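This briefing concerns the nonpolar core and the charged side chains of one protein model. Please examine the sequence and structure before reading the notes.

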Amino acid sequence: FQVRAPDVMGADELSSPGVVRVDDVSFYPAILEDFEGGRIAVKNAEFAGTPWSLDATSGGADGSSTCLKSPALFGSNSSSKFKITVEVPPMGGDLAFEYRSKVWMPEDKFVVKINGNTVALVSSPTSGWESIERGLPQGTSTVEFEYATVTGGKGSVWLDNIRITPRW
């Protein structure tokens, strides 16, 4: 493997044969949160309202053992959120995740927001794990997964394999 970096500005006194100098480098890692190991590994994650819980009894997507489950909420107009804030490169990024739902409108719902804008609304139960993919804008993005009761629902939502991938 060879790299050749022509000197377009003229001779560089600091240049050495076989050396390439790099400046102003940015790094945007891909993020995978699969909840395995019984913990939330992703940085910049937080809960608003009653925290969600790690569930090792229901089985995760793709045969994994652990997923994240929404809490039981009581009363009307209650909600709980799991939020992740990430830095996204200038070309943007992609969000993908799997979920399972036992929600029923009008009693309860599952809402996914990016920077406060609703990008997915789930209002009915699923027969198994489903996938959702959405784009992320450049800069700081907050992804919010919200389980909410409207008229006192008793549903649940499970999340697994949350992936945030930068575009290059």
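The notes below treat the core, the salt bridges and one unpaired charge in turn.

The model is predicted: local features need pLDDT of at least 70, side-chain atom pairs count only at pLDDT 80 or more, and totals for chains, interfaces and linings use all residues. Residues are numbered from 1 along each chain as its sequence is written, and side-chain values use heavy atoms, without hydrogens and water.

**Nonpolar core**
- The largest nonpolar core (buried Ala, Val, Leu, Ile, Met, Phe, Trp, Tyr and Cys residues joined through side-chain atoms within 4.5 Å) has 27 residues.
- Strands (DSSP runs of E, at least two residues, numbered from the N terminus) that each supply at least two core residues include strand 5 (79-88) and strand 10 (139-149).
- Apart from neighbours within four places in sequence, F145 is in contact (heavy atoms within 4.5 Å) with residues including W52, F82, F97 and L159.

**Salt bridges**
- There are three salt bridges (a side-chain nitrogen of Lys or Arg within 4 Å of a carboxyl oxygen of Asp or Glu) in the count.
- E144 and K81 form a salt bridge at 3.6 Å, N to O, linking strand 10 to strand 5 across 63 residues.
- E144 is buried (under 20% relative accessible area, 1.4 Å probe, protein chains only; exposed is over 50%, partly exposed in between), at 12% relative accessibility.
- D94 and R167 form another salt bridge, at 3.0 Å, N to O.

**Unpaired charge**
- R100, in strand 6, is buried without a salt bridge, and the nearest side chain of opposite charge, D55, is 5.4 Å away.

Conventions. Helix = DSSP H or I, 4+ residues; strand = E, 2+ residues; numbered from the N terminus. Lys, Arg positive; Asp, Glu negative; His and termini not counted.
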